Amino acid sequence: MPDIVDIAVSAEGFSTLVTAVKAANLVDTLKGPGPFTVFAPTDAAFAKLPPGTITTLVQNIPQLTRILCYHVVPGRLKKADLAKYQSVGSVEGSPIDLFIEGDVFEVNNATVIQADIEADNGIIHVIDTVILMRPHWFWPIMLSGETGKSEGQSLASDRRVDTPAR
C-alpha cells in the first residue's frame with residue numbers, strides 16, 4: 001500500500017501541498033512509519049489563500065512547516081474514530097476542532113470532502129480549505145456566546161482538547 005506522500009504525489013489536485021511538503025523538508029517524515037492522520041488541503045484550498053501567501057510561506061520555511069504540521073495528527077484516525085472527540089491535538093501543538101454529525105465532517109474552518117483514504121502509514125482526509133491555528137484569545141470569546149458566561153471570564157481552562165491514543 002502506498003504511503004501518505006505517494007498518495008498525494010499520484011493523486012490529482014495536491015501539487016501545491018506536495019510542493020509545500022518538499023519545501024518544508026517534511027517528505028521523509030510523512031513517508032515514515034507514523035502513523036499519521038493528515039488533513040490534506042487540495043490545490044483549490046490553497047487557491048483560497050490571499051494572493052502571494054504561498055510564495056511568502058515558501059520563503060518562510062519555519063512558518064510553512066508550522067502550518068503543515070498543524071494539518072497532521074498523531075495516530076491512524078478514521079472519521080468514526082474522530083467522531084468521539086470535540087478536538088484533537090495537532091503535531092504542531094495546537095488543537096484542531098472537529099464537528100462530525102451524519103454526513104457533515106468539518107475541521108476548524110474546513111469541510112472534509114473525502115474521508116478515510118487509507119495509506120500504509122496513516123489516514124488522509126481531504127479538505128477544501130487550509131486550516132490555520134486560532135489565536136489564544138479565540139476560545140474565551142467563542143465559548144462565552146455558547147455558555148452564557150461573561151466575556152471577562154476566562155474559559156481557556158474549560159476547553160477540552162482530546163488527544164487520542166496512538
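This short talk walks through one sheet and its strands.

A word on ground rules. This is a predicted model, where local features need pLDDT of at least 70, side-chain atom pairs count only at pLDDT 80 or more, and totals for chains, interfaces and linings use all residues. Residues are numbered from 1 along each chain as its sequence is written, and side-chain values use heavy atoms, with hydrogens and water left out.

Now the sheet. It is open, has seven strands, and mixes its pairing. The order is E2-E1-E7-E6-E5-E4-E3. Strands here are DSSP runs of E, at least two residues, numbered from the N terminus. Two of them pair if DSSP finds at least two bridges between them.

Who stands at the edges? Strand E2 (72-74) and strand E3 (87-89) do. Each has a single partner strand, so one side of each is left without a neighbour in the sheet. On average, neighbouring strands are turned by 30° against each other, direction ignored; the axes are lines fitted to C-alpha atoms, and angles run from 0 to 180 degrees between N-to-C directions.

Start from E3. Three bridges join E3 to strand E4 (residues 95-101), and the two run antiparallel. Ser87 has Asp97 in E4 as its bridge partner. This is a hairpin, with five residues between the strands. In its turn, Gly93 has a positive phi of about 115°.

Next, E4 meets strand E5 (residues 104-107), antiparallel, over four bridges. Glu101 is bridged to Val104 in E5. Here the hairpin leaves two residues between the strands, and Gly102 in the turn has a positive phi of about 65°.

Last pair. Strand E6 (residues 110-119) and strand E7 (residues 122-127) are antiparallel over five bridges. There, Ile117 partners Ile124 in E7.
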